[in-house]
Amino acid sequence: MQTINFSKPLNRMLAGLVLMSLPLAVVGQANSGSVSSGPSYEDILQGFADSSRWLTYSGDYSSKRHSPLAQITPENVQQLRPVWTFQTGTTTRGRGFETTPLVDEGVLYVTGSNNYAWAIDAKTGRSFWQYRRNLPSDLTYGASSPVNRGFGMLGNSLFMVTLDAHLLSLDRRSGEILWDVVLADYRVGYAATMAPLVIDGKVIVGISGGEYATRGFIDAFDPVTGERIWRFNTIPGPGEPGSETWPDDADILARGGGGSWMNGSYDPELDLIYWGVGNPNPDYFGATRPGDNLYSNSIVALEAATGQLRWHYQFTPHDLHDWDSNQIPVLAEIEWQGQPRAVVMQANRNGFFYVLDRVTGELLLGKPFTGTTWAREIGSDGRPIVLNDGSKGCLPDPWGGTNFMPPSFYPELDLFFLTARETCATFVPEEPQLAPGQASFGGVVFIDNEQGSGALRALDVHTGELRWEFTYPSPSFGGVMTTASGLVFAGDHEGNLMAFDAESGENLWHYQTGSRIWGAAPMTHILDGRQYVLIPSGTTLTAFALPEE
Amino acid sequence: MKPKNYLVTNFGVMRISVCALVSLLLLGGLSVAQAQQNNPLASDPRAAGAGGVIFRAQCATCHGADAKGIASIEAPDLTLIWTQDGNTDGSVFATIQNGIPGSIMPAHGFPDTEIWMLVSYLRSIATGGATRPFTGDADTGQRLFNANCAGCHRVGGAGSALGPNLAGVTARRSQDSIASSIREPSASIGRGYKPISFLSVNQGRVQGVIKSEDAFSIQIMDSNQQLRGFMKSELSQMNREPNSLMPSFSIAELSDSELNDILGFLDQQR
């Protein structure tokens, strides 16, 4: 492992280099004269305060994906047009270009499929450098989902996870590897695809592989040295709290699933990390794992300093449908029954929208946002009243009533915007043969290809009721972003990037990108006084802006 | 100069050994390829059953439990692979083993025997194919085809494009299956042939089959076999018809014997 020390001598040396080259640089452009050391934790903490930046996956720690930028408005959005398109040259048939670019000082930092990555000029779409990881030929989960959702960033370091389950630190100026640490053994079924979450002195990452006989975890690493600070196992060990929801069998616990493959959110005041946990393994076959199977299909609130569990809430006890609960938790301050309340919200793959008190984990609201036939209400004990185990068809399919495509919360309107999927499937469980490196879904699912649709939905967070919707011809994996000018931007499976009036739901603009928008949501930033909206789609990243005056 | 000579010499040696290695690999590769053309389990009746177990555990998530594919992730219908793309046991073995680079289909490190079991399974579920010889009179069938079918269908280069190309259909589907499509075409309408009609602001009433659509637009082939795109905002009275544009042929309109003649003609066009 190579370690780079970012302490002052290096900065001084770089400053010296810049001074030596100043006579040349002066000819080219105005230079601030100081060497950029990159964004600090305090900068990330500021979120959207400086909208020339987008420093973490959702733009800020709350994961609202709600930008204060208001240059593009409902009145002028019809004039929005592509400014440039970047071609990645790498593709994932069957999945998507799922990243959210980060931007700082006019440079976009973008990860792509198959562990490519780039630094791109935000003004022109031209790349400064490209990184490509040499991946082993015997990838497991990573072979079937060779995707990546983005960088984390701190100082001059970028952080990226890999399909062979490593965490890398790259130098943002060159794309060079600063350090490379192993998260888990990819050969047994692990991979990593999420965008690392950088908080004060820690890089938080999760792991994929719940379709294999693996055990999920959430890790914290030292951003400078790459040393692991703590690990939270999403499936408890023998005798640990939560193990009582499993058979008394250490082997089963050691391969209980519970991937942690999407970003969490962070409340700096409570110093709590909120993270979604995936399905238990085998996905569809539950007879060998009687019990609720904590902490699968749960949200966990972890103390950032230690990784200790503060509270949890399980959305789908004893899941039989691959309904990972990795959808990004959205943190907000809302008025709840007349009182201000700090909440965490999640639209879950099981088809329900949830509002929880984020201090205590108390369930405030759980209401279906789809036509789910699995359950229609949550009982007073906080557990779903299950009507259909899946053998009768027409639950949400294994891809869920929504999925990891980011939603957005618009605080001034108290509206939660998400992409809903209406699907129909029949589940047929079957006991799997377990072997390292072999997927163990535990059965098959018949998805009715003839049925299925999608919709952008606006939910009232106080009631979970539908305020408006815009329907798509097929179930979509496109994500959502809102801006303070009253706009909702969303992508769909047919490849459209669209803008809507946030209050009325009226469609105001669309652009056909040429490939479905899958797992990605728009992001926005301002550069030289001009607001850009970016969307990954297929093999392209396209930047949109209003015409220059 | 000495280091450079040394390098050149070394490079020369390296090239020779690489050439030798390539030859060996080619020879070895050929023999392996030859060995892999035929499924050693082809005559073992248990192989397909065992392959089915592997299929449900390893393949069904993407290809569907019925192996008919999942359109939203571009996973193809595996019941059709034997009548498309010139597949052989050996080529299907290689696809499972190596995956399809650049696609979601990964390489699989299964033992050879298990891959052959999968090949046996895929053979066992292949859609259709003749279950008995086509006995109809091809000449009569051609005349009937031209009179009744060629207005919408084609075989080879002749005929029309509103309906599916029927070349090779007798290799893909059984007699009964093709016959029921002729008697009851609306019972199952394939993707790309679902009928629609609407009123266009500028172009009047339009009828055709849906080739593609998104939230804002629709792409069709109209009943004159013209590919046309429309913005949905310019359309009204949009009707997604339950009935196929293909008329159903009752026994009164087309006797069983005549239907068999058409099948005989189609079988000749494989």
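**Chain A and chain B: interface and local features**

Q: How many residues of chain A are in contact with residues of chain B?
A: In this predicted model, contact is counted where heavy atoms lie within 4.5 Å. By that rule, 24 residues of chain B take part, and the number of residues of chain A in contact with them is 32.

Q: What area is buried between chain A and chain B?
A: Carbon and sulfur atoms give 55% of the area buried between the two chains. The total to which that share refers is about 2,300 Å².

Q: Which residue of chain A forms a salt bridge with Arg56(B)?
A: Across the interface of chain A and chain B the rule finds 1 salt bridge, and it also finds 4 residue pairs in polar contact, both residues being at pLDDT 80 or more. In the salt bridge of Arg56(B), the closest N and O atoms are 3.2 Å apart, which is within the 4 Å that the rule allows. The partner of Arg56(B) is Glu430(A).

Q: Which element gives the largest share of the side of chain A that touches chain B?
A: At least two residues each are supplied to this side by α3 (141-144), β28 (443-447), β30 (466-472), β33 (496-501) and β34 (507-512) of chain A. The residues of the side divide into 13 nonpolar, 12 polar and 7 charged. The largest share, 5 residues, comes from β28(A).

Q: What percentage of the residues of chain B count as buried?
A: Chain B has 9 helices and 7 strands, and it exposes about 15,000 Å², of which carbon and sulfur atoms supply 56%. A residue counts as buried when its relative accessible area is under 20%. Of the 270 residues of chain B, the share that meets this condition is 37%.

Q: Which residue caps the N-terminal end of α2(B)?
A: Helix α2 of chain B spans residues 45-58, and its buried residues are Ala47(B), Ala48(B), Gly51(B), Gly52(B), Ile54(B) and Phe55(B), with α3 (60-63) and α5 (112-124) of chain B included in what covers them. At the N-terminal end of this helix, a side-chain oxygen lies 2.9 Å from the backbone nitrogen of Arg46(B), and the residue that provides this oxygen is Asp44(B).

Q: Is Gln337(A) buried or exposed?
A: Gln337(A) lies in the loop between β19 (330-336) and β20 (339-347) of chain A. Because its relative accessible area is 71%, and the limit is over 50%, Gln337(A) is classed as exposed.

Definitions and conventions: Residues numbered from 1 in each chain as written. Chains lettered and ligands numbered in written order. Predicted model: local features only at pLDDT ≥ 70, side-chain atom pairs only at ≥ 80, totals over all residues. Heavy atoms only, no water. Helix = DSSP H or I, 4+ residues; strand = E, 2+ residues; numbered from the N terminus. Buried < 20%, exposed > 50% of the residue type's maximum accessible area, 1.4 Å probe, protein only. Buried area = accessible area lost by both parts, 1.4 Å probe. Salt bridge = Lys/Arg side-chain N within 4 Å of Asp/Glu carboxyl O. Polar contact = N/O pair within 3.5 Å; in protein donor to acceptor, adjacent residues only side chain to side chain. Nonpolar A, V, L, I, M, F, W, Y, C, P; charged D, E, K, R; others polar. Areas by Shrake-Rupley, 256 points an atom, 1.4 Å probe, with all protein chains shown as cover.
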